[in-house]
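This briefing covers pockets, surface patches and charged pairs. Please have the chain open while reading.

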Amino acid sequence: MARTKPPSDKELKIRLPKNELELLEAYCIKHGKTKTEVLREWIRSLKLDS
(Lines give C-alpha, C1' and ligand atoms only; values in the text may rest on other atoms or scores of the structure.)
Protein backbone atom coordinates (compact mmCIF):
# COMPACT_ATOMS: atom_id res chain seq x y z
CA MET A 1 0.00 0.00 0.00
CA ALA A 2 1.38 3.43 -0.94
CA ARG A 3 1.83 6.18 1.62
CA THR A 4 -0.83 8.85 1.43
CA LYS A 5 1.24 11.48 3.24
CA PRO A 6 4.78 12.64 2.55
CA PRO A 7 7.30 11.26 5.05
CA SER A 8 8.14 13.43 8.02
CA ASP A 9 11.48 15.16 7.77
CA LYS A 10 12.42 14.84 11.46
CA GLU A 11 12.83 11.85 13.73
CA LEU A 12 12.60 11.75 17.52
CA LYS A 13 14.00 8.90 19.57
CA ILE A 14 13.22 8.56 23.26
CA ARG A 15 14.23 6.15 26.00
CA LEU A 16 11.52 4.89 28.31
CA PRO A 17 11.58 2.58 31.29
CA LYS A 18 9.99 -0.78 30.49
CA ASN A 19 6.87 -0.03 32.57
CA GLU A 20 6.22 3.29 30.76
CA LEU A 21 6.62 1.66 27.34
CA GLU A 22 4.22 -1.10 28.37
CA LEU A 23 1.72 1.53 29.56
CA LEU A 24 1.98 3.38 26.23
CA GLU A 25 1.57 0.16 24.26
CA ALA A 26 -1.45 -0.91 26.33
CA TYR A 27 -3.04 2.52 25.76
CA CYS A 28 -2.42 2.22 22.01
CA ILE A 29 -4.03 -1.22 21.85
CA LYS A 30 -7.04 -0.11 23.91
CA HIS A 31 -7.62 2.94 21.70
CA GLY A 32 -6.59 1.40 18.37
CA LYS A 33 -3.84 3.96 17.74
CA THR A 34 -0.15 3.82 16.99
CA LYS A 35 2.46 5.16 19.39
CA THR A 36 3.17 7.93 16.89
CA GLU A 37 -0.50 8.96 16.79
CA VAL A 38 -0.75 9.05 20.58
CA LEU A 39 2.43 11.08 20.98
CA ARG A 40 1.44 13.53 18.22
CA GLU A 41 -1.96 14.06 19.88
CA TRP A 42 -0.29 14.68 23.22
CA ILE A 43 2.21 17.16 21.70
CA ARG A 44 -0.60 19.03 19.92
CA SER A 45 -2.50 19.31 23.22
CA LEU A 46 0.38 21.19 24.88
CA LYS A 47 -0.24 24.86 25.53
CA LEU A 48 2.49 27.47 25.79
CA ASP A 49 2.16 30.14 28.45
CA SER A 50 1.82 33.56 26.84
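Is Glu41 buried, partly exposed or exposed? Glu41 has a relative accessible area of 38% and therefore counts as partly exposed, as the partly exposed class lies between the 20% and 50% limits. The model is a predicted one. Its salt bridges, its largest pocket and a nonpolar surface patch are taken in turn below.

**Salt bridges**

- The whole structure holds 4 salt bridges, and three of them are described here.
- Glu41 pairs with Lys33 through their side chains, with an N to O distance of 2.9 Å.
- Lys33 is partly exposed, at a relative accessible area of 29%.
- Lys35 and Glu25 form another salt bridge, at 3.9 Å from N to O. This pair links distant parts of the chain, since Lys35 belongs to helix 2 and Glu25 to helix 1, with their positions 10 residues apart.
- Both partners of that bridge are partly exposed: Lys35 has a relative accessible area of 38%, and Glu25 has 31%.
- Lys18 makes a salt bridge with Glu22, where the closest N and O atoms are 3.9 Å apart. Both residues are in helix 1, 4 residues apart, which is about one turn of the helix.
- Lys18 counts as exposed because its relative accessibility is 63%, whereas Glu22, at 42%, counts as partly exposed.
- Side chains of opposite charge can pair when their charged atoms come close.

**Largest pocket**

- The volume of the largest pocket is about 530 Å³. Its lining has 16 residues, and those closest to the centre are Leu12, Lys13, Lys35, Thr36 and Leu39.
- Helix 1 (18-31) and helix 2 (35-45) are the elements that each give two or more residues to this lining.
- Helix 2 supplies the largest share of the lining, with 6 residues.
- Sorted by class, the lining consists of 8 nonpolar, 6 charged and 2 polar residues.
- Lys35 thus has two roles in this account: it is among the residues closest to the pocket centre, and its side chain meets that of Glu25 in a salt bridge.

**Nonpolar surface patch**

- Leu12, Ile14, Leu16, Leu21, Leu39, Trp42, Ile43 and Leu46 make a nonpolar surface patch of about 770 Å².
- Helix 2 contributes the most to this patch, with 3 residues.
- Leu12 sits in the segment before helix 1. Leu12 counts as exposed because its relative accessibility is 70%, and exposed means over 50%.
- Leu12 and Leu39 belong to the patch and are also among the residues closest to the centre of the largest pocket.

Methods: Residues numbered from 1 in each chain as written. Predicted model: local features only at pLDDT ≥ 70, side-chain atom pairs only at ≥ 80, totals over all residues. Heavy atoms only, no water. 1 Å grid on protein atoms, 1.4 Å probe; cavity = no way out; pocket = protein on both sides within 12 Å on 5 of 7 lines; lining within 4 Å. Points joined across faces, edges and corners; volume = space filled by probe spheres on them. Nonpolar A, V, L, I, M, F, W, Y, C, P; charged D, E, K, R; others polar. Patch = residues over 30% accessible without salt bridge, like charges linked within 9 Å, V, L, I, M, F, W, Y side chains within 5 Å. Areas by Shrake-Rupley, 256 points an atom, 1.4 Å probe, with all protein chains shown as cover. Buried < 20%, exposed > 50% of the residue type's maximum accessible area, 1.4 Å probe, protein only.
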